[in-house]
Amino acid sequence: MNKKCTFLFLLALCSLSGFAQLNWTTPVNYATPTTTNTDDAIWFGDFNNDSKTDMVVRHWFTDKLTLFLNNGDGTFNTASTITSNPSLNDLVLADFNNDTYLDIAVTNADWYASYDMLSIHLGNGDGTFQPIAFYYGSGSYQYTLDAGDITGDGYKDLVVSSAGWDGFSILVNNGDGTFSNGNSYASTHECGSIKLADFNGDTHLDVALGNGSSGWAKQIDVFFGNGDGTFNPTFSSYPTANHPQLMVCDVDNQHGTDIVFDIPDNHVSYYLKNDGLGAFTQVLIKNNYDVTAVCDWNNDNKIDFVAVGWDPIHNTTTGTYIILNDGADTFAEPLLLDASYKGLVAKLDADAYFDFAYVNVAQQAVGVKLQIVTPPTSVTQTTHGNMLVYPNPANDVLYINTCKNSETRTNYSIKIVNTLGQTVFETVINNQLVSVDVSTLGANGIYFIQLMDQNGKIQEISKFIRE
């Protein structure tokens with residue numbers, strides 16, 4: 001989105017938390033029994049089957065996890081400690097024994113091979129866990145992992161990358177949450193981030209593996225799965241830079257699962273655009289931003305990005321941002337979530353809006369701030385550009401005069417979105433004057449009208465009330 005369009009978009013939405021002028025509750029710190037550090041990380045899941053989003057903190061290179069159970073209103077109970085094996089690295093959440101309760105799998109490894117295993121914590125569905133089980137995969141420094149049914153039997157298996165051996169191995173689920181060693185596959189040097197997804201549309205899970213460090217090949221390798229727990233050992237490679245961190249999702253809503261990746265050493269983020277058959281083209285997301293997670297921030301059915309900003313002049317982070325996906329491989333200017341902390345977003349209370357959680361090392365705690373959204377009860381007619389909207393408020397027919405003649409409105413369209421960012425009406429402009437039956441839009445309240453050009457860029461925005 002260019003600067004003019006960004007200004008119009010933010011100006012029109014300035015009263016709405018969740019878009020531009022974000023409003024938050026006062027942050028609340030929840031103490032962690034285990035000492036926190038800057039490499040600790042948070043995962044979200046429902047650990048006691050109450051349909052509320054809980055948090056688990058992995059304390060890096062210790063043997064401790066901290067669990068916070070959600071009260072349902074975005075506040076959390078006193079922390080409890082889960083003891084694992086030492087040298088915690090990566091973590092994945094899944095139901096491994098099909099009892100509907102969320103389980104935890106973690107890698108335990110260090111470069112000195114003092115510990116090199118996977119630990120499984122099967123959940124009891126009440127925020128407690130069964131005695132720890134552990135397994136030894138293939139290779140050394142088993143760094144990252146992911147879970148998915150790669151054998152087609154309905155149980156979640158594990159794939160584990162090996163930075164020391166340069167490849168990945170499989171742990172096959174026996175059907176009860178215990179695992180047996182499967183095959184191993186060689187890749188390029190110093191394997192890191194690993195993700196499972198179906199990249200070529202054959203319904204079988206494939207592997208994306210981030211590789212490389214200084215002096216070695218730096219690339220993302222893609223292995224296609226056969227659906228029986230094996231993979232084609234011949235892989236496709238896509239050059240990157242050191243240590244790409246991977247996420248998998250459908251960014252463009254076109255041809256299946258894409259691969260989002262961040263280069264922490266260079267502070268730049270991209271995605272590999274899938275052609276639907278498992279071949280990829282690299283697309284830039286943002287320079288000087290490290291994407292750390294994905295979500296649909298504004299409920300428009302497009303994948304947006306949580307990212308940490310980087311100041312290349314002072315060599316320091318600038319906070320956590322949301323980068324909205326405008327579609328057609330264009331991405332909005334980053335919107336600041338928090339200037340002080342590197343954090344993640346999740347829906348932690350009962351509303352439909354994302355909240356913010358982060359590790360607060362200074363307070364030895366996890367900090368949480370909830371997004372506050374107070375829908376306006378009235379609106380003053382505001383028009384940016386020449387577009388005219390009347391009557392306002394409206395309860396049946398709304399007229400939109402685009403002030404565009406046939407030459408200047410070629411392939412232009414009108415889009416109406418609600419305060420959640422959801423598109424409720426869209427049409428190509430055939431005439432300068434457009435009429436819309438607003439009685440069909442849904443609930444009463446404020447709506448935004450976007451005039452889009454042929455490239456899907458917002459040119460003008462106005463707003464109206466439906467009564």
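The chain exposes about 19100 Å², and carbon and sulfur atoms supply 49% of that area; accessible areas come from the Shrake-Rupley method with a 1.4 Å probe, and for residues only the protein chains shown count as cover. The model is predicted, so to speak of local features a pLDDT of at least 70 is needed, side-chain atom pairs count only at pLDDT 80 or more, and totals for chains, interfaces and linings use all residues. Residues are numbered from 1 along each chain as its sequence is written, and side-chain values use heavy atoms, with hydrogens and water left out.

Of the 467 residues, 54% count as buried (under 20% relative accessible area; exposed is over 50%, and partly exposed lies in between, with a 1.4 Å probe and protein chains only). The chain has 1 helix and 37 strands, where helices (H or I, at least four residues) and strands (E, at least two) are DSSP runs numbered from the N terminus. Among contacts (heavy atoms within 4.5 Å) with a separation of 6 or more, 47% join residues 24 or more positions apart. No disulfide, meaning a pair of cysteine sulfur atoms within 2.5 Å, turns up: a search of the whole structure finds 0.

One open sheet has 4 strands in the order E1-E30-E29-E28, with antiparallel pairing. Strand E1 (28–31) and strand E28 (343–346) stand at its edges, and because each has a single partner strand, one side of each is left without a neighbour in the sheet. From one strand to the next, the twist averages 25° (axes are lines fitted to C-alpha atoms, for helices over the stretch in contact, and angles run from 0 to 180 degrees between N-to-C directions). E1 is joined to strand E30 (residues 365–369) by 4 bridges; two strands pair if DSSP finds at least two bridges between them. Within this antiparallel pair, Val 28 stands opposite Val 368.

A hairpin is formed by E12 and E13, with 5 residues between the two strands. Strand E12 (residues 167–173) and strand E13 (residues 179–186) are antiparallel and share 6 bridges, and Val 172 has Ser 180 as its bridge partner. In the turn, Gly 175 has a positive phi of about 100°. Asn 174, in the loop between E12 and E13, is partly exposed at 45% relative accessible area. Beyond its neighbours within four places in sequence, Asn 174 is in contact with Phe 179 and Ser 180.

The largest nonpolar core has 17 residues, and those touching the most other members include Leu 398, Ile 416 and Phe 464. Such a core is a set of buried Ala, Val, Leu, Ile, Met, Phe, Trp, Tyr and Cys residues joined through side-chain atoms within 4.5 Å. Strands E32 (397–401), E33 (413–417), E35 (433–437) and E36 (445–452) each supply at least two residues of this core, and E36 gives the most, with 3.

Some backbone details deserve a look. Most residues other than glycine have a negative phi, and most peptide bonds are trans. The bond from Tyr 390 to Pro 391 is nevertheless cis, with omega near -10°, and the bond from Asn 392 to Pro 393 is cis, with omega near 10°. Ser 87 has a positive phi of about 65° and is buried at 6% relative accessibility. Asp 329 has a positive phi of about 60° and is partly exposed at 27%.
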